[in-house]
Every structure is written in C-alpha cells, then in structure tokens.
Amino acid sequence: MQPVAIPAGRRPDNEDEQALVAALRRGEEAAFVELVARHGASLLRLARTFVRDRAVAEEVVQETWLAVLNGIDRFEGRSSLKTWIFQILSNRAKTRAVRERRSAPFSALAGDGEDDEAAVDADRFRDETHRWAGHWAAAPADWSALPEERLLGSETLTQVHAAIETLPPRQAEVLVLRDVEGWDPEEVCAALGISDGNQRILLHRARSKVRAALERYLSEGATP
Amino acid sequence: MSRTDVEHVTCREFVEVLTDYLEGGLDAGERADVERHIVICRGCSNYVEQMRSTIDLLGRIAAEAPAGEPATAALAIFREWQAGRSA
C-alpha cells in the first residue's frame, strides 16, 4: 500500500480518533475512559503552566472535559481531536489565569517571552576588550562526567519542575507541549494559535532557562 | 588553533542559534558554521550535550506516575453528561 500524505504527528491517531469521536457521540463510557487515560495527565501538566494551584488546574481540566463532551457533536475534525481538546484547555486555562491573577499587576501577565533575553548570562563570556571577545570565560562543564544518579535522579527532576514553574506562561506551555509531551512544532502552533517562528523563540528561551537552572543545581558541591 | 578557526561564530552567538540548529531551522551555510564550531570548541560541545540532557530530562517528566483522582472526577462529569443527554 502506498503511504498517504497526512501531516506528521496525526498519522498514528487519525483513524482511531475518528472511531473515538463516533463512540463518544454514541455516549460510550469506554471511549471517554480511553480519552482520559490518553490525555488526562498531559492536560493537567499544561493547565498547571497557567494556574499554578493544583486544585484550580484540576478544575480547569474538568471544565475542559465537560466542554469536550458538550461540543463533540459539533467537532468537525478540521484539527485532530487531540489538538482540539488542548485548544479548549488552553483557552479555559488562560481565562482562569486572568481571573486568578486579576489583582496582580499587568506585568505579571505580560511575561510572554517577547523580551530580549540572553540564553546565557553575558558575564559567562569574554567581553569586548578581550581578543577572544564573545567566547566562553567560564565554559560549561561536561555532564557526562557526572554519576548517572546525580544527572537522572529524582532530585534533578524536582529541579526541572521548579524551573518550569518559574518560566513566563507562554514559554512554559510551549516547553511542556514540545519537550514534556513530545508534540511536533506544527501541533503546538495549532493548539496555541502561534506562528512557527514565535513557537521556536519561546522554546529557545524556555529550554535555555531550564538548562541554566540545571547547570546551577548540578554545579553545587562540585569542586572547582 | 588560530583565531580564524572559530571566528565564524562566537560562543555567545552559538548559544542563541542552538535551538534553530536543533530544530533544523538553519540554512546549509549556517549549519556548517555551527557544526564546525562544535568540533573546535569544547565549551560549546559541552553546552550542546547539556541541552540534549535537559531535553531528555524534560521528556522524563511525562513518564512520572499521574495522580488517580482526576480520572474519577472526569468520569463523574461523563456520567452526568450522559444522563442529561438521554433525559
């Protein structure tokens, strides 16, 4: 059979999603259970990038499920079912985040990663007076020399979580969908309604910050 | 090593184009500059490996055990919806 050109990332789920949609429309509980098993944990992780409070994030996920069920008869399949569900979550979580933080100054919501921030602190590089200007003054260490339990241990994962929580919301949502959930750039752009260029800038800023946080953590206790 | 070997890209520029490089967003000439720099510069080759480890660690978050309660709450929503639909 000849391969059919379907956008990457939707291929494995496509037929199976159509079957799920049909089963949901018939009111089959098993189909809903399958959908929750597939996306429930991911939805909660994404919700928590908008509303940090876990209980509120869980409510947003529940509101999303209700909106999915109420809208399933109108779902036209122009995007994948997954993208559609995450669009609903993203819109609801944004609305909720605004409500939760309405007493906060506007700048707290404006942290969208559009500002011009460097991936690495400027003081890590030789300055303009040096003949090696722009090259490392304090070069990054070789993490492969670390014991595996240090690099991959649960404490390191805790640091990753903490770093994500400090990111501006738009950077956090792109990072979570791309690197935690493993989505394609096209799917992320569709679900969040952003351009490919914007997606890549947000991803770059977010990854750079998480790396920097890990570098600070992993260099603790290292003998210089 | 002469200065001209690494002059095409400075380390400070390198860290800013790394995501474009990893995402396949550079043209052939830029990609060649970046790859040459990685070969020559130990600091930047460590930086790339740190970034790959960071991405790998982010991917491990998804494998952590999810909490069971949200599924129960979702099921309650479903049953209510179903009851309303067949009513």
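**Helical packing and nonpolar cores in chain A**

Of the 224 residues in chain A of this predicted model, 36% are buried. The secondary structure of the chain comprises 10 helices and 0 strands, so that, read from the N terminus, each element in the order is an α element. Contacts at a separation of 6 or more are worth a look as well: 65% of them in chain A join residues 24 or more positions apart.

A good place to begin is helix H9 of chain A, spanning residues 185-192. This helix is largely enclosed by the rest of the structure, because 6 of its 8 residues are buried. The buried positions are A:Glu187 and the run A:Val188, A:Cys189, A:Ala190, A:Ala191 and A:Leu192. Their cover includes three helices of chain A, namely H4 (81-100), H8 (169-180) and H10 (196-219). Just beyond H9(A), A:Gly193 adopts a positive phi of about 65 degrees.

Turning to the nonpolar interior, the largest core holds 49 residues, and the most contacts inside it belong to A:Ala47, A:Leu89, A:Ile164, A:Leu175 and A:Ala206. H4(A) supplies the largest share of this core, with 8 residues. Both domain 1 (14-100) and domain 2 (111-219) of chain A take part, each giving at least three residues to the core. Leaving aside residues up to four places away in sequence, A:Ala47 touches A:Ala57, A:Val60, A:Val61, A:Leu89 and A:Ala93. A second core, separate from the largest one, has 14 residues, among them A:Val120 together with B:Cys41, B:Tyr47 and B:Met51.

Note on methods. Residues are numbered from 1 along each chain as its sequence is written. Chains are lettered from A and ligands numbered from 1 in the order in which they are written. This is a predicted model: local features need pLDDT of at least 70, side-chain atom pairs count only at pLDDT 80 or more; totals for chains, interfaces and linings use all residues. A residue is buried if 20 or more other C-beta atoms lie within 10 Å of its own, exposed if 12 or fewer, and partly exposed in between; C-beta atoms are placed from the backbone. Helices (H or I, at least four residues) and strands (E, at least two) are DSSP runs, numbered from the N terminus. Two residues are in contact if their C-beta atoms, placed from the backbone, lie within 7 Å. A nonpolar core is a set of buried Ala, Val, Leu, Ile, Met, Phe, Trp, Tyr and Cys residues joined through C-beta atoms within 7 Å. Domain bounds come from an automatic or database domain assignment.
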